[in-house]
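User: Please take a close look at the helix packing in this model, and follow it out to the surroundings. One connected account is enough.

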Amino acid sequence: MTDLDENPFNTTDPIFKQKQILKKDEMPDKIFHRDDEIQQYTIALEDIIVGHDPNNVFIYGPTGVGKTAVTLWMRNKLKEKAAETGVPLNVVGPINCRNYKSAYALATALVNDFRPPDDQLPNSGYSTDKVFDFLYQEIENAGGNVLIILDEIDNIPPDARNDFLYELPRAEANENTPITDAKIGLIGISNDLKFVDVLEPKVKSTLGEREIKFGPYNANELNDILEYYADMAFKDGVLEKDVIPLAAAFSAQERGDVRQGKRILQKAGELARMDGKEVVTSEHTHEATETVETDEILDYFEQDLTSHQAMTYLAAALAVIEPKQEATTKRIYKLYSSVAESVVSRVKSERKIYEFLDQLSMQGLVRSAEQNLGREGGRRYVYDITDDPRDIIEAARKSSYNNAVPSNVDEMLAYYLEEEASEYEAPDISDQHQENLWKFT
Ligand SMILES: Nc1ncnc2c1ncn2[C@@H]1O[C@H](COP(=O)(O)OP(=O)(O)OP(=O)(O)O)[C@@H](O)[C@H]1O
């Protein structure tokens with residue numbers, strides 16, 4: 001029985017001192033275990049300080065391994081030194097390309113970074129070429145060394161990569177631009193390693209004058225980094241001694257990613273609080289690791305994706321699981337249609353599916369490979385998913401797309417995981433039976 005005179009809210013938190021430390025990507029006061037990368041970065045940027053032209057730098061490596069944090073720190077130190085020594089330097093960014101879906105929008109963002117708030121370019125009204133003219137003019141007006149930092153460059157639309165990653169850093173040498181005085185350097189950051197391979201060689205050699213690779217962290221390194229954040233985030237003495245090593249070991253096995261480690265600690269703390277405990281135990285941490293992957297995907301389903309992108313994502317996962325069937329655009333569209341019918345009954349056209357898959361690919365959730373169809377001619381795309389299909393299905397079940405998960409998905413997953421697909425008599429795609437492979441409700 002609940003006594004309605006009592007107030008159920010607690011005014012103190014026995015576990016966390018500052019939970020937001022674990023949630024946000026703020027610039028840390030200390031950077032751990034990146035001495036080699038910092039040294040390479042220093043050598044690449046030092047030319048500016050000693051009076052040479054800036055180099056272009058390409059930073060790459062998986063997600064959550066300090067690329068942005070180290071870049072911000074290097075930027076601040078470079079600005080400090082330039083001011084101290086009187087070297088003319090303007091730094092633009094980091095600008096996250098993920099936030100700008102077209103070349104126009106990204107070029108506008110760069111122009112506006114130079115301009116004061118009362119003189120911003122509007123989001124439409126000019127041609128993209130004209131916006132580039134504005135950009136070159138701003139660079140010339142700034143003069144001296146202009147260092148442009150672009151984060152998540154794999155999100156630049158493919159047909160605009162030349163403009164930003166090749167033409168822009170070489171604009172001072174291009175007679176068609178007004179630039180005579182400024183020297184441009186570009187820092188491009190990417191966490192999509194496949195993206196690197198598909199860059200045109202001339203783009204790769206321009207951008208990659210200096211390449212710095214950030215690898216995943218190992219368990220010991222993650223342990224040190226997580227200790228630093230846990231110290232700020234948790235109240236003194238609430239973590240049992242195994243908690244940080246467990247979170248570090250788990251993240252090291254998965255992706256070597258600090259963000260994931262921080263998420264595990266946050267979740268473990270929340271579980272302890274829900275239990276009404278004043279210490280976070282290794283059991284809480286184990287439990288947190290079990291759900292962390294699913295929780296990350298659930299955030300995509302519920303927050304980051306539009307409903308049609310989310311349904312395409314689920315359809316792509318089903319297509320990948322399917323026995324004896326490649327996850328082609330056509331097949332994904334068929335499955336998407338069934339998913340959409342069971343959720344919203346409004347199905348978008350097949351043309352749209354290309355767009356949705358492209359957007360999922362930009363978010364790093366699916367990957368595509370182009371296949372040549374040989375003598376028949378033509379090409380097609382076959383898709384794969386980056387996360388474990390079990391986690392995707394589990395997340396879909398916890399999400400508002402629960403109704404769209406076929407009731408026989410566990411059976412199909414078992415085939416997929418046990419590689420029994422070859423023994424499974426998969427029906428022909430053109431066959432009516434194939435349509436009924438999945439049991440949608
Ligand atoms: N060596 C480190 N020392 C201290 N904090 C770190 C270190 N590496 C990463 N972090 C922290 O981990 C979080 C993620 O790092 P960061 O944003 O730099 O990753 P990233 O490699 O740029 O990832 P993405 O490619 O997803 O943007 C941030 O809170 C960052 O401060």
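Analyst: **Helix H11, helix H12 and their surroundings**

H11 and H12 cross in a right-handed sense (the near helix is turned clockwise from the far one, by less than a right angle; anticlockwise would be left-handed). The model is predicted, so local features are used at pLDDT of at least 70 and side-chain atom pairs at pLDDT 80 or more, while totals for chains, interfaces and linings use all residues. Residue numbers start from 1 along each chain as its sequence is written.

H11 covers residues 258-274 and H12 residues 282-304 (helices are DSSP runs of H or I with at least four residues, strands runs of E with at least two, numbered from the N terminus). Their axes come within 8 Å and cross at roughly 125° (lines fitted to C-alpha atoms over the stretch in contact, with angles from 0 to 180 degrees between N-to-C directions). H11 and H12 are therefore oblique to each other (under 35 degrees is roughly parallel, over 145 roughly antiparallel, 65 to 115 roughly perpendicular, the rest oblique). On the H11 side the contact uses Gln260, Arg263, Ile264, Lys267, Ala268, Leu271 and Ala272, and on the H12 side His284, Thr285, Glu287, Ala288, Thr289, Thr291 and Val292 (contact means C-beta atoms, placed from the backbone, within 7 Å). These residues divide into six nonpolar, five polar and three charged (Ala, Val, Leu, Ile, Met, Phe, Trp, Tyr, Cys and Pro are nonpolar, Asp, Glu, Lys and Arg charged, the others, with Gly, polar).

H12 also packs on helix H16, residues 389-398, at an angle of about 55° and with the axes 8 Å apart. That angle makes H12 oblique to H16. The crossing of H12 with H16 is right-handed. H12 contributes Glu293, Thr294, Ile297, Leu298 and Phe301, which meet Asp391, Ile392, Glu394, Ala395, Ala396 and Lys398 of H16. Six residues of this contact are nonpolar, one is polar and four are charged.

H11 has a further part to play at the ligand. The shell around the ligand holds 17 residues, with Gly66, Lys67, Thr68, Ala69 and Val258 the closest (C-beta atom, placed from the backbone, within 6 Å). Helix H3 (67-85) and H11 are the elements that give two or more residues to the shell. H3 supplies the largest share, three residues. By class the shell has seven nonpolar, six polar and four charged residues. Domain 1 and domain 2 both give residues to the shell, so the ligand lies between them.

The domain assignment gives domain 1 as 34-213, domain 2 as 218-301 and domain 3 as 305-435; such bounds come from an automatic or database assignment. Taken over C-alpha atoms, the centres of domain 1 and domain 2 are 35 Å apart. Five residues from domain 1 and six residues from domain 2 make their contact. The domain 1 side has two nonpolar, three polar and no charged residues.

Another helix pair is H13 (residues 307-321) and H15 (residues 350-362), whose axes come within 9 Å and cross at roughly 85°. H13 and H15 are therefore roughly perpendicular to each other. His308, Gln309, Thr312, Tyr313 and Ala316 of H13 meet Ile353, Phe356, Leu357, Gln359 and Leu360 of H15. This contact has six nonpolar, four polar and no charged residues.

Two backbone details remain. The Gly93 to Pro94 peptide bond is cis, with omega near 10°, and Pro94 belongs to strand S2 (residues 89-96). His33, although not a glycine, has a positive phi of about 55°; His33 sits in the loop between helix H1 (20-23) and helix H2 (35-50).

Technical notes
Contact = placed C-beta atoms within 7 Å.
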